[in-house]
Amino acid sequence: MVKIKFENARVFTGKNTSFTQQTFCMDTDTGYFIDGELFDKTIDLTGKFVMPGMINAHTHIILDAMFEFNNHFTAVHDTVIAIQNLKRLLAHGVTYIRDVGSTFDIDLILSKLEQENELFIPGIIGSGGAIMMTGGHGRRLGIETDGPDDIRKQSRINIKKGARNIKLMATGGVSNSGETPHDVQLGVEEMRVAVEEAHHKGYTAAAHAQGNQGIKNAIKAGVDSIEHGIFMDKESIQMMLKFGTYLVPTMIAPWAINSHAKQLPNFMVDKSLAITKPLQQSLKESYDAGVKIAMGTDAGTPFNDFENGSAFELQLMVEAGMSAIDVLKAATMNGAMLLHVDEQVGSIEPDKLADFIILNEDPLADIKAVQGEKTVYKKAQLVKYS
């Protein structure tokens with residue numbers, strides 16, 4: 001057992017409003033931050049900036065972002081891709097994720113292995129297969145089912161397999177042909193029964209919801225978070241405030257498509273270009289109104305990778321109008337609260353897992369600092385990735 005004290009760092013704990021100089025300590029045996037006065041080793045972090053490990057609340061770990069349309073989708077292939085993606089996330093400072101649509105329950109299996117310390121990867125809140133209507137959005141990553149009774153049963157099956165989040169498809173989207181973000185898919189009652197099953201167990205439900213009516217349907221159904229939330233109006237924002245619904249905007253997803261337009265189908269690029277400004281506006285108006293926001297990237301969608309994408313998402317959120325400190329909170333404590341893991345992660349304080357990032361520059365001066373060179377610790381262990 002080795003107890004290490006870090007001193008002279010400027011620290012954003014996840015709860016304060018600036019980087020302040022302070023000492024913090026960890027136990028490499030237990031993997032937790034600790035209190036105490038006796039230490040085996042001291043590390044001087046003069047000139048460095050420390051923040052909690054990032055939490056990415058929207059990933060698809062089984063997708064290869066560069067070759068999504070190859071349609072491999074076998075259990076072995078998807079598992080290999082998932083582990084590679086998780087290691088990339090960890091090396092770049094993401095220490096916890098929520099996966100919101102997987103094949104073969106791979107996210108659920110890997111989550112269990114991580115909890116048992118069989119794999120050194122980010123912690124995972126898994127969803128298993130996303131739930132959508134027959135022919136609905138994202139059907140390659142989920143389960144087609146219709147009607148409240150069948151959806152209730154499928155939600156129970158997912159939870160039985162280890163899901164700690166139920167992912168629901170409330171609308172169409174960008175990446176599938178033959179639909180638009182405005183298409184209403186699962187209805188209020190269909191989503192409500194899934195939410196009931198999740199909440200009954202103390203778990204969460206998230207809705208892919210891009211068009212305004214689908215967003216309102218998902219909020220009425222009681223979901224914990226709206227994913228994307230592109231075409232919101234004042235009424236939907238007020239509904240989110242009333243029910244405490246989080247927004248996970250995934251700004252990088254359309255940015256990545258727009259940046260690789262020549263390599264992608266026209267239908268996808270056309271829809272992506274059309275949603276870029278409305279998404280920025282919805283995030284800004286939601287933020288100004290006080291909606292709770294968590295960071296997520298939709299990693300795995302075309303050219304939306306698992307390396308510095310999470311840090312780049314922070315830059316896009318600042319450019320859309322959020323303050324740097326609130327963006328850091330969205331990537332740490334807000335994500336932990338949304339995932340219901342805030343008693344374990346999301347902040348730097350005793351009795352929480354020692355997941356943290358050491359940076360060379362101040363992210364409050366320039367949020368791009370999070371994209372720069374960094375040292376990452378997960379469960380008090382130095383992350384090394386090659």
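In this predicted model, Ser236 is a residue of helix 6. With a relative accessible area of 0%, Ser236 counts as buried, because that value falls under the 20% cut-off. The neighbours of Ser236 help to picture its setting: leaving aside residues up to four places away in sequence, Ser236 touches Asn212, Ile215, Lys216 and Ile219. With one of these, Asn212, there is also a polar contact, side chain to side chain, at 3.3 Å.

The view can now be widened from this serine to the pair of helices around it. Helix 5 spans residues 212-221 and helix 6 spans residues 234-243; their axes lie 10 Å apart and meet at an angle of about 15°. Because angles under 35 degrees count as roughly parallel, helix 5 and helix 6 are described in that way. The crossing of the two helices is left-handed. By class, the contact of helix 5 with helix 6 is made up of 5 nonpolar, 2 polar and 3 charged residues. From helix 5 come Asn212, Ile215, Lys216, Ile219 and Lys220, and they meet Glu235, Ser236, Met239, Met240 and Phe243 of helix 6.

A second serine, Ser111, is worth a visit elsewhere in the chain. Ser111 belongs to helix 2, which covers residues 106-115. Its relative accessible area is 7%, so Ser111 is buried, again by the 20% cut-off. A polar atom of the Ser111 side chain lies 2.8 Å from the backbone oxygen of Ile124.

Notes
Residues are numbered from 1 along each chain as its sequence is written. This is a predicted model: local features need pLDDT of at least 70, side-chain atom pairs count only at pLDDT 80 or more; totals for chains, interfaces and linings use all residues. Side-chain values use heavy atoms; hydrogens and water are left out. Helices (H or I, at least four residues) and strands (E, at least two) are DSSP runs, numbered from the N terminus. Buried means under 20% relative accessible area, exposed over 50%, partly exposed in between (1.4 Å probe, protein chains only). A polar contact is a pair of N or O atoms within 3.5 Å; within protein, one must be able to donate a hydrogen and the other to accept it, and residues adjacent in sequence count only if both atoms are side-chain atoms. Axes are lines fitted to C-alpha atoms, for helices over the stretch in contact, and angles run from 0 to 180 degrees between N-to-C directions. Angles under 35 degrees count as roughly parallel, over 145 as roughly antiparallel, 65 to 115 as roughly perpendicular and the rest as oblique. A crossing is left-handed if the near helix is turned anticlockwise from the far one by less than a right angle, and right-handed if clockwise. Contact means heavy atoms within 4.5 Å. Ala, Val, Leu, Ile, Met, Phe, Trp, Tyr, Cys and Pro count as nonpolar, Asp, Glu, Lys and Arg as charged, and the others, Gly among them, as polar.
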